[in-house]
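Subject: Structure handover

Hello,

Here is the structure I promised to pass on. Please open it and keep it beside you while you read my notes.

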Amino acid sequence: MSGQQRAVLDASSFIKGWLIATTLWVGAMLIVALFVLGVPTVRDGEDAGYLWGAGLSLAFYGYGIALVFAAPLAWVLAYLLRPVLEQWIHIVAFFVVPTLAFWAVAGLLGFGWHPGWLGLWATVGAASAIGRWSIRKDARVSEAEVAHP
């Protein structure tokens, strides 16, 4: 038996990367919502009290969606990338795969397949890539035993 090198992350690094990526994405969506909903409301002199509920709902659903969909996708992607030792390839994959996966799911759910939607879903990919970049130094090289017939 001989060993094959693999890039692996421990659970705490995975959780740290997920939290960073999700917080970046949810934070960006909160800022966009503030400008899209809040600025016109305040400018028109209307009551903006509903913005607290809207922001909490956005955060709740953002973290929930990231937990249910993004975390399993990240785990599978990290598992598939184990044989690849170059961390920059992991980072690029963590941009491309979530962007295309969320675009495909949104297309299947009826949002449409317009390439313009890729810009929205690229925010997910960018947050994922930044999350993966933030834990690049946590990746360690492990020797996996490979059985030869």
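Leu-9 is partly exposed, because its relative accessible area is 23% and buried means under 20%. This residue sits in the loop between β1 (2-8) and α1. Leaving out residues up to four places away in sequence, Leu-9 touches Arg-132, Ile-135, Asp-138 and Ala-139. Now look at Asp-47. It is 38 residues from Leu-9 along the chain, and the two C-alpha atoms are separated by 47 Å.

One caution before you go on: this is a predicted model.

**The overall layout**

The protein has 4 helices and 2 strands. Along the sequence they run β-α-α-α-α-β.

How does the radius of gyration of the protein stand against that of a compact globule of 149 residues? The protein has 19 Å, while such a globule would have a value near 15 Å. The box filled by the C-alpha atoms, taken along the principal axes, is roughly 75 × 30 × 25 Å.

Of the 149 residues, 28% count as buried. The exposed surface comes to about 9400 Å², and carbon and sulfur atoms supply 73% of it.

Take the contacts with a separation of 6 or more. Residues 24 or more positions apart account for 76% of them.

The charges are quick to list. There are 8 positive and 8 negative side chains. The centres of these two sets lie 9 Å apart.

**The cores**

In soluble globular proteins, nonpolar side chains tend to be buried together. Which residues make up the largest nonpolar core here? It has 10 residues: Trp-25, Val-26, Met-29, Ala-59, Phe-102, Trp-103, Ala-106, Trp-121, Val-124 and Ala-127. Three helices each supply at least two residues of this core: α1 (11-43), α3 (87-108) and α4 (117-134).

A second, separate core has 5 residues, including Ala-74, Leu-77, Leu-81 and Phe-94.

Go back to Ala-106, one of the residues in the largest core. Setting aside neighbours within four places in sequence, Ala-106 is in contact with Phe-111, Gly-112 and Trp-121. Trp-121 is also listed in that core.

**Three more residues to find**

Start with Ser-128, in helix α4. Is Ser-128 buried or exposed? Ser-128 is buried, because its relative accessible area is 15% and the cut-off is under 20%. Apart from neighbours within four places in sequence, its contacts are Ala-21, Phe-94 and Pro-98. Phe-94 belongs to the second core.

Next is Gln-87, in helix α3. Gln-87 has a relative accessible area of 17%, so it counts as buried too. With neighbours within four places in sequence left aside, Gln-87 is in contact with Ala-7, Arg-132, Arg-136 and Ala-139. You have met two of these names before: Arg-132 and Ala-139 also touch Leu-9.

Last comes Gly-55, found in helix α2 (residues 50-80). At 22%, its relative accessible area makes Gly-55 partly exposed. Compare its position with Val-39. The two are 16 residues apart in sequence, and their C-alpha atoms are 14 Å apart in space.

**Where to look first**

Find Leu-9 in its loop between β1 and α1. Then move to Ser-128 in α4 and to Gln-87 in α3. Finish with the 10 residues of the largest nonpolar core.

Best wishes

Note on methods: Residues numbered from 1 in each chain as written. Predicted model: local features only at pLDDT ≥ 70, side-chain atom pairs only at ≥ 80, totals over all residues. Heavy atoms only, no water. Rg over C-alpha atoms; globule rule 2.2 N^0.38 Å. Buried < 20%, exposed > 50% of the residue type's maximum accessible area, 1.4 Å probe, protein only. Contact = heavy atoms within 4.5 Å. Areas by Shrake-Rupley, 256 points an atom, 1.4 Å probe, with all protein chains shown as cover. Lys, Arg positive; Asp, Glu negative; His and termini not counted. Charge placed at Lys NZ, Arg CZ, Asp CG, Glu CD. Core = buried A, V, L, I, M, F, W, Y, C linked by side-chain atoms within 4.5 Å.
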